[in-house]
Amino acid sequence: MIEPNNNENVNQNNTTAAETTENAENNNSLSPDSSSDITEGKSLVDIFDEADQCADNEIKNELVGAVEQAYYDDELEERDYRPIRFSRSGRLGCLGGIMYATFILCLSVALACFAWMAACDVLALNKGDNKMSIVLSDEYFSEEEVDVFDDEGNKIGTETLLLADISAVSQLLRDNGIIEYPWLFKIFAQVSNADKKIDPGTYELSTRYDYRALVKNLQQTAGVKEIRQGITFPEGYTMAQIFNKLEAEGVCSAADLYDAAANYHYDFSFLDDSTLGDAKRLEGYIFPNTYDFYVGESASSVISKFLNTFHRQLYADMYQLCNNLGITFYDAVKIASMIEKEAANDEERAIIASVIFNRLYSGMTLGIDATILYEHPEHIGVQIPTEILQEDSPYNTHLRTGLPPTPICNPGLASLEAALHPASTSYYYYALDTETGTHRFFQNYNEFQNFINTQDYDNYTP
C-alpha cells in the first residue's frame with residue numbers, strides 16, 4: 001500500500017474545504033428562480049415557518065427577504081397601484097347610530113302621545129261636562145246559561161245571566177260623544193266583567209265619567225226613568241218649535257232649554273263660544289230627526305243629543321267646499337236654512353242655492369220672504385203685509401244685502417248639501433207657481449214680474 005506524502009494531503013484538504021464552502025454558498029444563496037420554486041404551492045405562513053427553523057440568522061433573513069420579494073412580485077396587479085381609500089365603516093357606523101337613536105326617539109314620542117290619548121279617554125281627562133241620555137234596549141243584551149258551583153267546587157245547578165253586547169254598547173257611547181275609543185272601552189269591559197254588570201235601561205251620562213264610572217252608571221241602581229220614544233222633529237222646524245214640542249212631550253221645560261242653549265258650553269268645533277249668552281247661537285244646529293228622551297231629562301243633555309247628531313253629518317270636505325265658495329261654514333248653514341224654507345221639493349234645492357249665490361256675488365239683496373217671516377212666525381199665507389216688508393230688521397233681506405244674522409230654521413242634510421253644491425245657472429229670480437205648487441226660475445226682473453202678474457197669491461192655499 002503506497003501512502004500519499006504530506007503535501008498531497010494538504011492540497012487535497014484545501015480542495016475539499018473550498019468545495020464545501022462553495023457548495024454551502026450555492027445552497028444558501030437564492031436566485032429568483034429558486035425563490036419561485038420554494039414559494040410554489042405554499043402559503044406565506046408555511047414559508048415563514050421554514051425560515052424560522054434556519055439557525056443562521058443571516059441566511060434566514062436572506063431567505064425571508066427573497067421569499068417576500070418573489071411572493072409579492074407574483075401577486076402585484078394593477079389594483080395595487082391605485083390610491084389608498086380610507087374606510088367608510090366608521091362614518092357609516094356613526095350615521096347609523098344617529099338614525100337609530102332618532103328612530104327610537106320618534107317611536108317613544110309616538111307611543112307617549114298614544115298613551116296620553118288613551119289615558120285621557122279612560123280617565124276622562126281634559127273633557128267638557130257634556131251630558132247625554134243613553135237608552136240600552138233589550139237588543140243590546142243576550143242570555144247565557146252558566147253552571148253554578150258550591151264552595152267545594154261541586155256543580156249545584158245552572159243560572160241564566162243577561163250579558164251586554166259590549167261592542168254595541170261601546171259604539172253607542174262613541175256615537176253619543178261619551179267616549180273616543182270603543183276598542184279601548186271593550187278591553188276595559190273585558191277586564192272588569194262589565195258585560196255582566198251593565199243592565200238595560202235609560203241612563204244620563206257625562207263626558208266627565210271615566211270608564212269605571214260609566215260602567216257603574218249603566219246599572220239599574222243608577223235609576224231607570226220613563227222614556228218618551230220616537231219624538232220626530234221635521235226639517236225646517238225652528239228652535240222655538242222644537243223646544244215647545246219637547247215641553248209638550250214632558251221631556252223638559254222650554255225655559256230650561258233656552259237657558260241651556262244660551263249659557264251651556266258645548267264642546268263642538270262648529271260652535272262659536274263668543275256667542276255664549278244668546279240662545280239663537282244654536283239655531284240651525286238642532287238637527288231634525290227622530291229621538292228618544294226620558295221624562296225630566298236635563299236640558300243640556302237633550303240639546304247635546306241634537307248637536308251630536310248634527311256633528312255626525314259633517315265631513316272634512318265641507319269646510320273646503322265653503323272655502324271654494326268664499327263663505328264660512330256658518331254661512332253655509334244660513335243658506336241651507338233658507339233653502340229648507342223655500343224649496344218645494346228636492347229638485348229645487350240646488351237651483352234655489354244658485355239664485356242665492358248669484359245675487360250674493362252680484363251685491364243684490366236676496367229678497368227672500370222666509371227670512372222676514374222668521375221674526376213673524378204667526379203669519380200665515382203667501383202674501384206678506386207691507387208693514388212687515390218695510391221693517392228695519394237684520395232679517396229683512398228685501399232691504400238689507402248679505403245673509404241674515406243667524407239661520408232661520410234647522411235644515412236637513414239635503415239642504416246643507418245643496419248649499420255646498422249649488423247648481424250652475426244664470427237665474428236671479430224665482431216665484432211660486434200656484435198651479436203646481438213648485439217654483440219657476442227667471443234670469444231677469446221683467447220675466448219674473450210678468451209671471452207674478454199671472455198668479456193669484458191672495459187666494460192660494462199651500
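pLDDT is the predictor's confidence in each residue, on a scale from 0 to 100. For this chain the mean pLDDT is 82, and 76% of the residues reach 70 or more. So you're looking at a predicted model: local features need pLDDT of at least 70, side-chain atom pairs count only at pLDDT 80 or more, and totals for chains, interfaces and linings use all residues. Residues are numbered from 1 along each chain as its sequence is written, and side-chain values use heavy atoms, with hydrogens and water left out.

**The overall picture**

- The chain holds 18 helices and 8 strands; these are DSSP runs numbered from the N terminus, with helices being H or I of at least four residues and strands being E of at least two.
- Of the 462 residues, 35% count as buried, where buried means under 20% relative accessible area, exposed means over 50% and partly exposed is in between (1.4 Å probe, protein chains only).
- Take the contacts between residues at least 6 apart in sequence: 61% of them join residues at least 24 apart. A contact here means heavy atoms within 4.5 Å.

**Where confidence drops**

- Residues 1-36 have pLDDT under 50 throughout, and the model gives them 9 contacts beyond four places in sequence.
- Residues 75-81 also have pLDDT below 50, with 2 contacts in the model beyond near neighbours in sequence.

**Two buried serines**

- Ser 206 belongs to strand E4, residues 201-206, and its relative accessibility of 4% makes it buried.
- Leaving out residues up to four places away in sequence, Ser 206 touches Asp 129, Asn 130, Lys 131, Ile 178 and Leu 214.
- Ile 178 is 28 residues from Ser 206 along the chain, yet the two C-alpha atoms are separated by 6.6 Å.
- A polar atom of the Ser 206 side chain lies 3.1 Å from the backbone nitrogen of Arg 208.
- Ser 393 is in the loop between helix H16 (386-389) and helix H17 (413-420), and at 7% relative accessibility this serine is buried.
- Ser 393 touches Glu 375 and Arg 400, again not counting residues up to four places away in sequence.
- The side chains of Ser 393 and Glu 375 are joined by a polar contact of 2.4 Å. That term means a pair of N or O atoms within 3.5 Å; within protein, one must be able to donate a hydrogen and the other to accept it, and residues adjacent in sequence count only if both atoms are side-chain atoms.

**Aromatic rings**

- There are 28 aromatic pairs in the structure. Rings of Phe, Tyr and Trp (its six-membered ring) pair if their centres lie within 6.5 Å, and planes under 30 degrees apart count as stacked, over 60 as edge-to-face and the rest as tilted.
- Phe 114 and Trp 183 are a stacked pair, because their ring centres are 6.0 Å apart and their planes are at 5°.
- Phe 114 sits in helix H5 (residues 89-123) and Trp 183 in helix H7 (residues 182-192), so this pair ties together parts that are 69 residues apart in sequence.
- Both rings belong to partly exposed residues: Phe 114 has 47% relative accessibility, and Trp 183 has 40%.
- One aromatic cluster is formed by Phe 268, Phe 270, Tyr 285, Phe 287, Phe 310, Tyr 319, Phe 329 and Tyr 330.

**Charges over rings**

- Lys 245 lies over the face of Phe 233, 5.5 Å from the ring centre. To qualify, NZ of Lys or CZ of Arg must be within 6 Å of the ring centre and within 35 degrees of the ring normal.
- Arg 359 has its charged end over the ring of Tyr 429, at 5.1 Å from the centre.

**Helix H6 and its end**

- In helix H6 (residues 166-175), the buried residues are Ile 166, Val 169, Ser 170, Leu 172 and Leu 173.
- They cover an arc of only 155° around the axis, so they're on the same side of H6; the arc is that of the directions from the helix axis to the C-beta atoms.
- Gly 177, just after H6, takes a positive phi of about 75°.

**Positive phi without glycine**

- Ala 124 isn't a glycine, but its phi is positive, near 60°. Ala 124 lies in the loop between H5 and strand E1 (131-136) and is buried at 12% relative accessibility.
- Asn 193 isn't a glycine either, and has a positive phi of about 55°. Asn 193 is in the loop between H7 and E4, and counts as partly exposed at 41% relative accessibility.
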